[in-house]
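I opened this entry to look up a surface patch, a helix with a bend, and one residue with its surroundings. My notes follow the order in which I checked them.

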Amino acid sequence: AICLLVWCQFPWRDVIKIPIDWHWVKESVKRCWPIWLGTLGAAAAISIDRFVVSYYMDLEEVGVITFYGSFATALLALVQSGFYAFSYPKMIDYYRKDDRSSFWQETWQVGWQAALFVAATSVCVGIVIPFSAPFFQKPELANEAMTLWLMLLAIWIRTNADTLYFVLYARNQDKALWLGSLLFLIPALLGNIVLVPIMGLEGVGYSAVLASLFLFFWRLAYVISGK
């Protein structure tokens, strides 16, 4: 209702008279297409482990990693909204102004703050969840503590990779971003397919660590090369 009240104040009659620039729309969609594919790849990489586990194991194990994964996703969301959302506009502004000193100072500041926050939170989660599992009559959450710890380690590595993401983003290195996000799906998928049948749920954790390391070094390589 509030949105409708605001929209009513827009100059719709004037806007309707402006012809649609279909050429601009077409070119914009073409530019967005690979970025959209990269976003799909990154999203699939986060949840692909559940499909692999459901194939090789049963729904109880799927529930365990889904529960663990909810903490991992929450940590990423907290870091995005609590740290990067405030810093990356400054990084973009510094880079456009060719203020490299301030750019890297801001990058370093948000990087260590985000990494420290995720590390501290991961330690708390890694202790509280297994310890409290018996009280909720969920011993499997404690029995698979190693999987939780590995997934939290993967999130910490992913957080450092996300710091590099915003460096590339500020420098308009879009290809490195979308291609890395798309390729991120490959180690996540192959790691789970190979390790889950051998190691059980721990294979999910090791696969997450390997995939996060891939993403980190992929972005680091482009940050260093500047291409």
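Before counting what each helix supplies, I note that helices here are DSSP runs of H or I with at least four residues, numbered from the N terminus. I also keep in mind that this is a predicted model.

**Entry 1, the nonpolar patch.** I looked up which helix gives the most to the nonpolar patch, and H9 does, with seven residues. Helix H3 (22–56), helix H7 (145–170) and helix H9 (185–199) each supply at least two residues. The patch lies on the surface with about 1,200 Å² of accessible area together, and its members include Tyr55, Tyr56, Met146, Trp149 and Tyr206. I then took Tyr55, which lies in helix H3, and noted that it counts as exposed because its relative accessibility is 67%, where exposed means over 50%.

**Entry 2, helix H4.** I followed helix H4, residues 59–96, and found a bend of about 50 degrees at Tyr84. At the N-terminal end of H4, Asp58 acts as the cap, with a side-chain oxygen 3.1 Å from the backbone nitrogen of Glu60. After H4 comes Asp98, with a positive phi near 60 degrees.

**Entry 3, Thr147.** Is Thr147, in helix H7, buried or exposed? Thr147 counts as buried, because its relative accessibility is 0% and buried means under 20%. Its side chain reaches the backbone oxygen of Leu201 at 3.3 Å. Leaving aside neighbours within four places in sequence, I listed Ile65, Tyr68, Leu201, Glu202 and Gly205 as the residues in contact with Thr147.

How values were computed:
Residues are numbered from 1 along each chain as its sequence is written. This is a predicted model: local features need pLDDT of at least 70, side-chain atom pairs count only at pLDDT 80 or more; totals for chains, interfaces and linings use all residues. Side-chain values use heavy atoms; hydrogens and water are left out. Patches are made of residues with over 30% relative accessible area and no salt bridge: like charges are joined within 9 Å, nonpolar side chains (Val, Leu, Ile, Met, Phe, Trp, Tyr) within 5 Å. Accessible areas come from the Shrake-Rupley method with a 1.4 Å probe; for residues, only the protein chains shown count as cover. A salt bridge is a side-chain nitrogen of Lys or Arg within 4 Å of a carboxyl oxygen of Asp or Glu. Buried means under 20% relative accessible area, exposed over 50%, partly exposed in between (1.4 Å probe, protein chains only). The bend at a residue is the angle between axes fitted to the seven residues ending there and the seven starting there. A polar contact is a pair of N or O atoms within 3.5 Å; within protein, one must be able to donate a hydrogen and the other to accept it, and residues adjacent in sequence count only if both atoms are side-chain atoms. Contact means heavy atoms within 4.5 Å.
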